[in-house]
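Colleague: Could you take a close look at one part of this protein for me, the nonpolar patch on the surface, and then place it among other local features? I work at the bench, so please explain the terms as you go.

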Amino acid sequence: MGVNRFSHSLLFAASAVALIAGAPARAQDAAAPPRDAGPSQGAATVETVVVTAERRSQDVQTVPIAITAASAERLQAVGITNTQQLSLIAPSLNVSNIAGGVSFFIRGVGTTASQVENQVVTYLDDVYVPDQRHVGLDLIDVDQVAVLKGPQGTLFGRNATGGVIQVSTRDPGDTPEMEVRTSLDNYFTSRSGIFVGGPITDSIRGSFTGGFTTQGNGWGHNPIANYDTFKISDDLNLRGKLIFDFGNDASLKLIADYKNMDDTAAIIEVPYPGTVLAFEPGVVGPDNYYNSRGNYPNVQHMTDGGLSADLRFKVGDLSVRSITGYRAGIDNFQFDADRTPVPAFDINVKERDHNFSQEVQVLSPEDGPFKWVLGAYYFHNYNGALPFTLHFQGPFAPGPTDLGHEFISAVETTNSFAGFGQATWEILPGTHLTGGLRYTTEKRQLFGSDTGTLNDGTPETFSTANGTGPHTITFGNWSFRGALDHQFTDDIMGYISFDRGFKSGGYNISSLTNPAFKPEQLDAYQAGLKTELFDHRLRLNAAAFYYDYRNVQVVTFTFVSQITNGAAAEMYGIDADFEAQIDDHLSLTGGLSLLHSVFTNYKNAVFTVPLGGGAYSLISGDATGNRTPFSEPVQASLGVDYTVDTDMGGLLFNVTDSYNSDYYYEADNNMRQPAYNMLNASATLTLPGDKYSVKLWGTNLLDKRVGTYAASQALGLLVSYGTAPRLFGITLDAKL
């Protein structure tokens, strides 16, 4: 099966390459200008970066928000193929991964619970993606990724207390174009993708993107159940776009995307270094960071996709935009919950979700001293575990009257409405005052039951949603923003801002007996400086911030993840990023994040007490003064790009290093990921004509083992090392 998928992937890539190589001359004559493959080759200056952080296209240097943005070329040079790797280029961003759920932390704000919305929200082509299992996006046709740091409570608003990640994919151009890319690494992972786009008629443009990944060998192995772990069986990604240009600044963009993936990375956990598990006390972990010793295979299957319509038109001098989105997914995964060869405790999960969003924006004209945007937003979400099944046997259920199976079926529905507005007024030449306001009202409902069956067949009913108290909760919140910026010179802008972010509360759908968790609120004070110096050879941006964080939503674990509230936390620090064009050949990029992030009041945190033999008792303790999870005191990155012309073509060398200091996984500050460096490098040869290129690359060259998730449980201390080991390979790229 694996060989066949691998062969099909290579055939897919080879066919596309052959199609391009054999294209008729008239198609080559009409080819679009080649996309830049590296730093500017003309005057040695940094390139202008355009973002839509304030819902209109702006030079990033004029926006009073801390932003790190990366183009497709930058991501390719560094070796980033998925949003899970973005911390390489965005210090202050940390990424957690468990069972396909990707969780982002910005400046210490985020969550590892995969069944709730994150504090760092992801927008795909301006449509909100609420399910964390579906934000691990493959960047096969990415145009730009922008990381907005700090609460974006006015213009984005949807739970964005930590920040926003905007992923923009490639639009079809005005001329025919085709690009195909294929790669192979040392684990025989084959990644192939194709982009085809261009005009269909005088007023319609279209594009198609396809990507397929399969993996020959996993990063680890399970000798008990005899299968490779951390192995992608198949991963298919499709996207189609149609853009209708109606004239008079009116257009409609329709997008459809689909993803289907099978892999063996579902909650692969090993004992925390130096510890043992309760049912296998003779094995001190980890024997191998990527291996699994469970008797029950850990596998997962994920399917998701979406439809969106982006309509833009003018009403007089006003610009009107309507963004309609629908997304749905089904996730199935199973794992050995005791993580040992002993048949004791297994879990099967089937999750369904679908959501609908509708946003309308009205924007003022671009010129003039007063600019504004008004909008309204509606969001409906269906999030269900149907069912969450727990199987007990052996030492967990030895007798006929012991619980053999537990079935948790639960659905949480969300209906949210918001109205928002933001205005910027040039109160003095070069000085702008910005004010924004958003009101959100939200209703959540929980439906479900928790039942079971004893080993002798006797049914049991443990609880229903109505048994947890009111099964309907509502929230109302005012979020706001105030900012003052001044353009000191054409190339230096300073700003101060205050933002209030809000994330609604909700239910733990995998634990019906728990009460609803409360909304959280974050007040952010920030001062920043944006500069372009030395005749635009150096772009240097920096921001200092202070966060007052209340009712912090914190993840705890028993057998399943749950959200509770920590009373309060504070974060403060500095982050900066730079880009320097030294000359026509050499450029540097990098960043630095310094962060202090602690709980200022958290007296009901979960702590562990060892009982011996790998077992633990989970008790309530005081985490006041402890560092918040996944908050790194120091993060830094440095990238070096060097280009040189040769008789064979242009050579681009890239070396990127990301330093990450330690972080704790949980509020009790017991389990810790030590400091590490993530080093990537590549060399790309682009043949004359800029149509064909070959890249040799390596990622995680120091072969660091990085934990992306951990949980203290009664059966032991568990860590998942979801970051890839050392990879190296070759990528072929062809453009028409």
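Modeller: Happy to help; I will begin with the model itself, turn to the patch, and then visit some other places along the chain.

This is a predicted model, in which local features need pLDDT of at least 70 and side-chain atom pairs count only at pLDDT 80 or more, while totals for chains, interfaces and linings use all residues. Residues are numbered from 1 along each chain as its sequence is written, and side-chain values use heavy atoms, with hydrogens and water left out. The mean pLDDT (the predictor's confidence in each residue, from 0 to 100) is 89 for the protein chain, and 93% of its residues reach 70 or more. Over residues 1-42, however, pLDDT stays under 50. For that stretch the model has 71 contacts beyond four places in sequence, a contact being heavy atoms within 4.5 Å. Where pLDDT is low, the predicted coordinates should not be read in detail.

Now to your patch. Its members are Phe370, Trp425, Ile427, Leu428, Leu433, Leu484 and Ile496, which together have about 650 Å² of accessible area. Such areas come from the Shrake-Rupley method with a 1.4 Å probe, and for residues only the protein chains shown count as cover. Patches are made of residues with over 30% relative accessible area and no salt bridge; like charges are joined within 9 Å, and nonpolar side chains (Val, Leu, Ile, Met, Phe, Trp, Tyr) within 5 Å. A salt bridge here is a side-chain nitrogen of Lys or Arg within 4 Å of a carboxyl oxygen of Asp or Glu. Strand β22 (residues 403-428) gives the largest share of the patch, 3 residues. Strands are DSSP runs of E with at least two residues, helices are runs of H or I with at least four, and both are numbered from the N terminus. Trp425 lies in β22 and is partly exposed, at 45% relative accessible area. On this scale buried means under 20%, exposed over 50%, and partly exposed in between (1.4 Å probe, protein chains only).

For a contrast, look at strand β5 (residues 101-106). Here 6 of the 6 residues are buried, so the strand is largely enclosed by the rest of the structure. Gly101, Ser103 and Phe105 cover one side, with Val102, Phe104 and Ile106 on the other. Strand β4 (residues 93-98) pairs with β5 in the antiparallel sense over 6 bridges, where pairing takes at least two DSSP bridges between two strands. In this pair, Val95 stands opposite Phe104.

Thr556, in strand β28 (residues 538-557), is also buried, at 11%. Setting aside neighbours within four places in sequence, Thr556 is in contact with Ser561, Gln562, Thr564, Tyr602 and Val606. Thr556 and Ala113 are 443 residues apart in sequence, yet 8.7 Å apart in space, C-alpha to C-alpha.

Finally, a few backbone details. The peptide bond from Gly285 to Pro286 is cis, with omega near -10 degrees, and Pro286 sits in the loop between β17 (270-271) and β18 (299-315). The bond from Leu386 to Pro387 is cis too, with omega near -10 degrees, but Pro387 belongs to strand β21 (residues 370-392). Phi is positive at Arg55, near 70 degrees, and at Phe188, about 55 degrees. Arg55 is buried, at 6% relative accessibility, whereas Phe188 is partly exposed, at 42%.
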